[in-house]
Amino acid sequence: MIIFDDMEHLLSRSIVEACTAAGLECVNAARNGGVQAALEQLQGPGALVIGPPSFCEATALKATLSGSDASRELAQAIEAEARYFLETCRHATQAMMRHGGGQVLSLGIDDVASKIVGLSQSPIVNQMRSSCIKSLAKEYGRLKISYNSVLCHPSKESVDPKVWRSQRDALKVYTMRFTPSAVQEYAEFCRQLLTSNAPLNGGQICLGKGVMETAA
């Protein structure tokens, strides 16, 4: 069983489609009483996929810098994102310990590429997730639980094609050229990661062709 904390993001939905097509059971925890309730349904080793951050730090930060008294709200929103991630990982770890192991996969969208094409960015939360994933892997990897994160470029489908072309052409440095990937490519990679016994724990995998700045 593969549990998704929600399926609102395009990447999460595409992974669900790839897994379902492969005959895997997928559960939307947001519609089934939450992650903790969904984890209680596990009968053996399973997987939990935590979708990309939903909070746009860049928008809140701009409001703060422009004179808006929103610094407290910004800090509270980031704290809420961190608390949610940590509590979700705690529930997953406790459930997987009882069932002989499992996988936790955190999804994220690269902040640099997102800024280039005008999408929301969550650099602080991405950094936090990456650090937590590494720490959890060191602590609980011996219990056959793997924790990894995938950081992707925004997919081709997430932005108007004209935006991709104009922004790509504006980048003058050859090494910063990039080509957007279809979300199905990311989804298939994640499906293989979730269904294989890869010798990987605590890793951050960066997916994309061209410019990429990781949170590592």
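Here are some exercises on a predicted model, each with a worked solution.

**Exercise 1. The overall plan**

Find how many helices and strands the chain has, and in what order its elements run.

*Solution.* Step one is to count: the chain has eight helices and six strands. Step two is to walk along from the N terminus, which gives the order β-α-β-α-β-α-α-β-α-α-β-α-α-β. Step three is to look at burial: of the 216 residues in the chain, 48% are buried. Finally, turn to contacts between residues at least 6 apart in sequence: 77% of them join residues at least 24 apart.

**Exercise 2. A strand and its neighbours**

Work out whether the two faces of β5 are covered or open, and which strands pair with β5.

*Solution.* Start with the residues of β5, which spans 145-152. Eight of its eight residues are buried. Next, sort them by face. In a regular strand the side chains alternate between the two faces of the sheet. On one side of β5 you find I145, Y147, S149 and L151, and on the other S146, N148, V150 and C152. Every one of these residues is buried, so both faces are covered.

Now look for the partners. β4 pairs with β5 in the parallel sense, over eight bridges. Within this pairing, L105 stands opposite N148. Strand β6, residues 204-207, also pairs with β5 in the parallel sense, here over four bridges. In that pairing, V150 faces I205 of β6.

**Exercise 3. Cysteines without a bond**

Decide how many disulfides the structure holds, and check C26 and C190.

*Solution.* The total comes first: the structure holds zero disulfides. For C26, the nearest cysteine sulfur belongs to C19 and is 4.6 Å away. A disulfide needs the two sulfur atoms within 2.5 Å, so this pair does not qualify. For C190, the nearest cysteine sulfur is that of C152, at 5.7 Å, and C190 is in no disulfide either.

One more step concerns the surroundings of C190. Its relative accessible area is 0%, and buried means under 20%, so C190 counts as buried.

**Exercise 4. Two pockets**

Describe the largest pocket and the second largest pocket by volume, lining and residue class.

*Solution.* Begin with the largest pocket, which holds about 490 Å³ of space. It is lined by 29 residues, and the closest to its centre are H9, P52, P53, S54 and I109. The elements giving two or more residues to this lining are α1 (10-21), α4 (71-98), β4 (102-109), α5 (111-116), α6 (123-140) and α8 (183-195). Sorted by class, the lining has 11 nonpolar, 12 polar and six charged residues.

Move on to the second largest pocket, with a volume of about 310 Å³. Its lining has 19 residues, of which G102, Q103, S146, L194 and S196 are the closest to the centre. Here β3 (46-50), β4, β5 and α8 each give two or more residues. The most comes from α8, with three residues. By class, this lining divides into nine nonpolar, nine polar and one charged.

**Exercise 5. An enclosed space**

Find how many cavities of 30 Å³ or more the structure has, and what lines the largest.

*Solution.* A search of the whole structure finds one such cavity. The largest cavity has a volume of about 80 Å³. Its lining has 11 residues, and those nearest its centre are G108, N126, S149, L151 and Q204. The elements that give two or more residues are β4, α6 and β5. The classes come out as four nonpolar, six polar and one charged.

**Exercise 6. Two single residues**

Locate K144 and A80, and say whether each is buried, partly exposed or exposed.

*Solution.* Take K144 first: it lies in the loop between α6 and β5. Its relative accessibility is 67%, and exposed means over 50%, so K144 counts as exposed. Then check the backbone. Most residues other than glycine have a negative phi. K144 is not a glycine, yet its phi is positive, near 65°.

Now take A80, which sits in helix α4. With 46% relative accessibility, A80 counts as partly exposed. To place A80 further, compare it with F55, 25 residues away along the chain: the two C-alpha atoms are separated by 9.8 Å.

Conventions. Residues numbered from 1 in each chain as written. Predicted model: local features only at pLDDT ≥ 70, side-chain atom pairs only at ≥ 80, totals over all residues. Heavy atoms only, no water. Buried < 20%, exposed > 50% of the residue type's maximum accessible area, 1.4 Å probe, protein only. 1 Å grid on protein atoms, 1.4 Å probe; cavity = no way out; pocket = protein on both sides within 12 Å on 5 of 7 lines; lining within 4 Å. Points joined across faces, edges and corners; volume = space filled by probe spheres on them. Nonpolar A, V, L, I, M, F, W, Y, C, P; charged D, E, K, R; others polar. Pairing = 2+ DSSP bridges. Contact = heavy atoms within 4.5 Å.
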